[in-house]
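Biologist: Could you walk me through this model, one question at a time? I would like the cut-offs spelled out as we go.

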Amino acid sequence: MTIKDLTWNFVGERFAPQITKENLLLQSGHTKYTGVVFTLHCDGMSGTYIDFPGHIAETDDGMTAENASLEDFYRIEADVIHLDKKSGEGAVTGEELEKALSPSPAAGGRALILNALGNKNPRDIEGRSVFLDESALDWIMGKGYKLLVSDIYESKALHGVFLKLFAAGISTICMPVNLFTLPRRVFLTALFPKIPGVTQLPCRVVAEF
């Protein structure tokens with residue numbers, strides 16, 4: 001079995017994570033050693049991150065990092081679509097997604113991994129210059145996926161991509177990397193801390209095949 005890490009380095013969207021390290025001397029009559037303690041202050045969009053529908057107030061369905069069901073994110077079957085869009089190429093359509101998926105007889109997973117950018121990662125193109133159009137959203141929702149891992153989402157014009165996905169109960173994982181290395185079907189795992197009330201936070205994403 002091959003395991004692929006799809007997680008981007010822990011860097012910030014709005015500001016760089018602040019990480020401090022403190023050495024703490026611990027001793028007793030039996031032992032003495034130095035504990036190393038880290039304090040983290042970071043953006044919810046640091047590195048690769050997950051958005052539950054509650055990331056938008058109007059689509060909040062009550063799912064948080066604390067109560068999200070592990071079985072919905074651990075080793076779930078995922079369909080993988082590969083395209084090769086260039087920076088500035090514009091909309092990805094539902095017709096393109098259907099054509100790219102249709103040669104796969106095993107399609108029908110609970111999650112979709114969309115590799116729209118070929119061997120490029122999201123940071124390799126002009127931001128939001130490749131995006132999902134209305135027909136692509138309709139296609140994704142029509143397939144019944146409940147988790148979308150994609151290297152593209154919204155346009156510069158703010159067409160409401162996340163609003164529509166969240167309203168359909170679809171969680172999203174943003175800023176993944178290495179999607180071009182995947183075959184057409186994988187087992188997908190997304191792990192994140194159980195933080196009460198949080199609907200957007202960094203995560204670790206792994207594919208098995």
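Modeller: Happy to; here are the ground rules, followed by your questions.
Modeller: This is a predicted model, in which local features need pLDDT of at least 70 and side-chain atom pairs count only at pLDDT 80 or more, while totals for chains, interfaces and linings use all residues. Residues are numbered from 1 along each chain as its sequence is written, and side-chain values use heavy atoms, with hydrogens and water left out.

Biologist: In what order do the strands of the nine-stranded open sheet run?
Modeller: Strands (E, at least two residues) and helices (H or I, at least four) are DSSP runs numbered from the N terminus, and two strands pair if DSSP finds at least two bridges between them. The pairing in this sheet is mixed. Strand S1 (3-5) and strand S12 (200-202) each have a single partner strand, so one side of each is left without a neighbour in the sheet. The order is S1-S13-S11-S5-S7-S9-S10-S4-S12.

Biologist: Which residue in S9 stands opposite Leu112?
Modeller: S7 pairs in the parallel sense with strand S5 (residues 76-82) over five bridges, and there Leu112 is the bridge partner of Asp79. S7 also pairs in the parallel sense with strand S9 (residues 147-150), over four bridges. Opposite Leu112 in S9 stands Leu148.

Biologist: How many of the five residues of S7 are buried?
Modeller: Buried means under 20% relative accessible area, exposed over 50%, and partly exposed in between (1.4 Å probe, protein chains only). On one side of S7, Ala111, Ile113 and Asn115 are buried, and on the other Leu112 and Leu114 are too. The count of buried residues is five of five.

Biologist: How many residues does the largest nonpolar core have?
Modeller: A nonpolar core is a set of buried Ala, Val, Leu, Ile, Met, Phe, Trp, Tyr and Cys residues joined through side-chain atoms within 4.5 Å. Those with the most contacts inside the largest core include Ile81, Leu97 and Ile140. Helix H1 (94-101) and strand S7 (111-115) are among the elements that give two or more residues to this core. Its size is 31 residues.

Biologist: At about what angle does H1 run to S5?
Modeller: Axes are lines fitted to C-alpha atoms, for helices over the stretch in contact (heavy atoms within 4.5 Å). Angles run from 0 to 180 degrees between N-to-C directions. H1 lies across S5 and S7, and its angle to S5 is about 110°.

Biologist: What is the phi of Arg128 near?
Modeller: Most residues other than glycine have a negative phi. Arg128 lies in the loop between S7 and S8 and is partly exposed, with a relative accessible area of 43%. Its phi is positive, near 60°.

Biologist: Which element gives the most to the lining of the largest pocket?
Modeller: On a 1 Å grid over the protein atoms alone, a pocket is an open set of points where a 1.4 Å probe fits, with protein on both sides within 12 Å along at least five of seven lines, and lining residues have an atom within 4 Å of a point. Of the 28 lining residues, the closest to the centre are Tyr49, Arg128, Tyr153, Glu154 and Phe162. Strand S4 (49-51) and H3 each supply at least two residues. The element that gives the most, with four residues, is H3.
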